[in-house]
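Please load the model in a viewer and keep the sequence panel open. The tour proceeds by selection, with a short account of what each selection shows.

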Amino acid sequence: MEKTLAEKTSAAPVSGQSKDLMGAEILVKALLAENVKYVWGYPGGAVLYIYDAIFKQDNFKHVLVRHEQAAVHAADGYARATGDVGVALVTSGPGVTNAITGIATAYMDSIPMVIITGQVPTHAIGLDAFQECDTVGITRPIVKHNFLVSDVRDLAMVMKKAFHIARSGRPGPVVVDIPKDVSFKKTPYEGYPADVQMRSYNPVRKGHGGQIRKALQLLMSAKRPYIYTGGGVLLGNASQELRTLVDMLGYPCTNTLMGLGAYPASSPKFLGMLGMHGTIEANNAMQHCDVLLAVGARFDDRVIGNPKHFAQNERKIIHIDIDPSSISKRVKVDVPIVGDVKDVLVEMIDMIKESAQKPDAKALAGWWETIEGWRSRDCLKYDRANQTVIKPQFVIETLHNMTKGTDTYITSDVGQHQMWAAQYYGFDEPRRWINSGGLGTMGVGIPYAMGIKLAKPDSEVFCVTGEGSVQMCIQELSTCLQYNTPIKILALNNRYLGMVRQWQEVEYESRYSHSYMDALPNFVKLAEAYGHVGMLIERPQDVEPALREARKLKDRTVFLDIRTDPLENVFPMVQAGKGITEMLLGSEDL
Amino acid sequence: MKHIISLMLENEPGALSRVVGLFSARGYNIESLTVAPTEDLSLSRMTIQTHGSDDVIEQITKHLNRLIEVVKVVDLTEGAYTERELMLVKVRAVGKEREEMKRMADIFRGRIIDVTEKSYTLELTGDVSKNDAFLEAIDRSAILETVRTGACGIGRGERILRV
């Protein structure tokens, strides 16, 4: 017979002072102890005791979404922007299955989250009860860890572990599945555990000193160095350290889609985003560098393209990552450093300060000259002066010019608009660019924005989206009104599922199979129906005035239906399976 | 190349499915898998026999280590180790075959653990290749049923895996 966790770790004897609490009350106390301020959720039969306990407290705010997927996305967006653990609460069965897309999205981008799911009562588990599903089984491959709480005495410790696991090491979502009877039963409550010890889970923090020294040797002797960083720098709150390191060395730097903002886009040392839609200079430097420092990035297929092509040029690779399984997964690494990126970068900076060795200035000057040659090709140029049709890039540039240096968050959905936002909005600060990079989930934009706006009421939050993506979670416009989270939605409406259409143009001889959307709703009226403001923008000269007007409506959610060039493509583009320097630069290359 | 990976994991419901799920999700092979609690009932010891290139095996051990309930992982094939597998084989044994089967079992140091008029059930232990060899050595048509535990392995001498 399997012992319960409570029996195994019955450290604290039941004292006379303890009070009997219901599972639901213990859960609420756990959330309070973890300093949770917001929970996004949707009630249902299996979580009614929990909702009853929530009703009786006012320590955290609960946001009732319109679809469970959005509850997880909103909590995820909040976590991305603030660095805190995002919390969502859904009921059993369909509540869980609706939440799956959100959980998988957070998992692919390593976002710290705790998702609390209701479950049918323990005696009904396995009997195909109403709204039953095997939550632990369904979520297993898309979570960092999950728990089924089968005994109310375990609940406090499970919550402690869930938060600990979610936020430490390589962060990720943790699901806690709570059967209805567990939330109802009472047990003596001794207070929330102060700390947690797990013999099977002890993520490393400090990097290996010898490896760091070896890395420095390589970095200092480099002729064509390059610093490539990903989402790990943001998750590890190491942007400041990265900036210090890059500026000390004077080396060129690039960020992945997930890493934008870690190094300021406005700095000349920044070569732009790299990868499938990266700049010429960022991709060429990746291919031609002789020493590559990778920090919190994972060499994924959208970043290095074909690994065989990438391996054609010889280079030494240093890879700092908290997750050993990210190292040498797609490319062989010469100097692996497993550790918290912030700790490792601090140690590196200290060693450089003490070291007598200086970068090879002459070689570096030559390398920069090569890079400037690539940069001078201005690969992000487009028809800026067009007066007849709105270029999508122009919308993003205009938004950037108007909001530069202000307290602004940009969320996006997935597709062409996402790439244009990444390319043309120069992110200078970390955690300001919020998008689904790994899973590429359409529909995240509005929930992300409303999650952020709730936590950052004084910041401006823009959601850059398309007419396709936005319809995947558009019901959340209703939530935005109820909870007064006024966001600005820029829908780059080209009447096509643009990225699909672009691939069909490039790879399928322009057979636009099911990528055109007919019968779109009247978005202006739709926004109004939800109690918001709608605007239709059809001419380039109207873009800036419309944005100005929308920003003036501080307390209103505004939906800007911006009719953009239907056939515009995202360039540069590296086709799937090609090398990252084999770029298409414009329609003339098609 | 063949590898035998040993792991200690928390003896908790669902821990096994995490390990198996990892192998299927990432397309790794499992030739055999055995698991049982250790003398410390809070821990299970698992032996996985797999094959793959060095890169793949490196990823397997890293991903196993990443599972929250896994306490320790060792690739036994990286050093000296011994492995054993238990195999039960029910064979047809009538007339002359009875003597022949008995002799083959003796040669492979097997034991007959069940006897009927028409059949023997043999118990063999040894490494996986020895058990393979036995099945090769006897008349294939005589085999009625085979059940194997899969390999379980342990390091030699001072190589000790414990928590």
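**First stop: an enclosed helix in chain A**

Select helix α12 (residues 280-288) of chain A: seven of its nine residues are buried, so the helix is largely enclosed by the rest of the structure. The model is a predicted one. The buried residues of α12(A) are Ile280(A), Glu281(A), Ala282(A), Asn283(A), Asn284(A), Ala285(A) and Met286(A). To see what surrounds them, add β9 (225-229), β10 (253-255), β11 (270-273), α16 (361-375) and β22 (583-584) of chain A, against which these buried residues pack.

**The domains of chain A**

Next, colour chain A by domain: domain 1 covers 16-189, domain 2 covers 209-375 and domain 3 covers 392-570. Between domain 2 of chain A and domain 3 of chain A, the C-alpha centres are 31 Å apart. Contact between these two domains involves 13 residues of domain 2 of chain A and 13 residues of domain 3 of chain A. On the side of domain 2 of chain A that touches domain 3 of chain A, eight residues are nonpolar, five are polar and none is charged.

**A parallel sheet in chain A**

Now display the strands β15 to β20 of chain A, an open sheet of six strands with parallel pairing, in the order β16-β15-β17-β18-β20-β19. Which strands stand at the edges? They are β16 (433-434) and β19 (533-537) of chain A; each has a single partner strand, so one side of each lacks a neighbour in the sheet.

Within the sheet, select β18 (residues 488-493) and β20 (residues 558-563) of chain A, which pair in the parallel sense over six bridges. Label Asn493(A) and look across to Arg563(A) in β20(A), which it stands opposite.

Two helices should then be added. Helix α18 (residues 416-424) of chain A lies across β15 (408-412), β17 (460-466) and β18 of chain A, and runs at about 135° to β17(A). Helix α23 (residues 540-552) of chain A also packs on the sheet, where it touches β17, β18, β19 and β20 of chain A. The direction of α23(A) makes about 170° with that of β19(A).

**Chain B and its two domains**

Hide chain A and turn to chain B, which contains four helices and nine strands. Along the sequence, these elements follow the pattern β-α-β-β-α-β-β-α-β-β-α-β-β. Taken along the principal axes, the C-alpha atoms of chain B fill a box of roughly 55 × 35 × 35 Å. Of its 163 residues, 26% count as buried.

Colour 2-78 as domain 1 of chain B and 82-152 as domain 2 of chain B. Their C-alpha centres lie 29 Å apart, and six residues of domain 1 of chain B are in contact with five residues of domain 2 of chain B. On the domain 1 side of this contact, β2 (32-37) and β3 (43-51) of chain B are the elements that give two or more residues. The largest share, three residues, comes from β2(B). By class, this side has two nonpolar, four polar and no charged residues.

**Last stop: where the chains meet**

Finally, restore chain A and select the contact between the chains, which takes 18 residues from chain B and 15 residues from chain A. On chain B, α1 (15-25), α2 (54-66) and β4 (70-75) each supply at least two residues. Helix α2(B) gives the most, with five residues. The side of chain B that touches chain A comprises six nonpolar, six polar and six charged residues.

Methods: Residues are numbered from 1 along each chain as its sequence is written. Chains are lettered from A and ligands numbered from 1 in the order in which they are written. This is a predicted model: local features need pLDDT of at least 70, side-chain atom pairs count only at pLDDT 80 or more; totals for chains, interfaces and linings use all residues. Two residues are in contact if their C-beta atoms, placed from the backbone, lie within 7 Å. Ala, Val, Leu, Ile, Met, Phe, Trp, Tyr, Cys and Pro count as nonpolar, Asp, Glu, Lys and Arg as charged, and the others, Gly among them, as polar. Domain bounds come from an automatic or database domain assignment. Two strands pair if DSSP finds at least two bridges between them. Axes are lines fitted to C-alpha atoms, for helices over the stretch in contact, and angles run from 0 to 180 degrees between N-to-C directions. A residue is buried if 20 or more other C-beta atoms lie within 10 Å of its own, exposed if 12 or fewer, and partly exposed in between; C-beta atoms are placed from the backbone.
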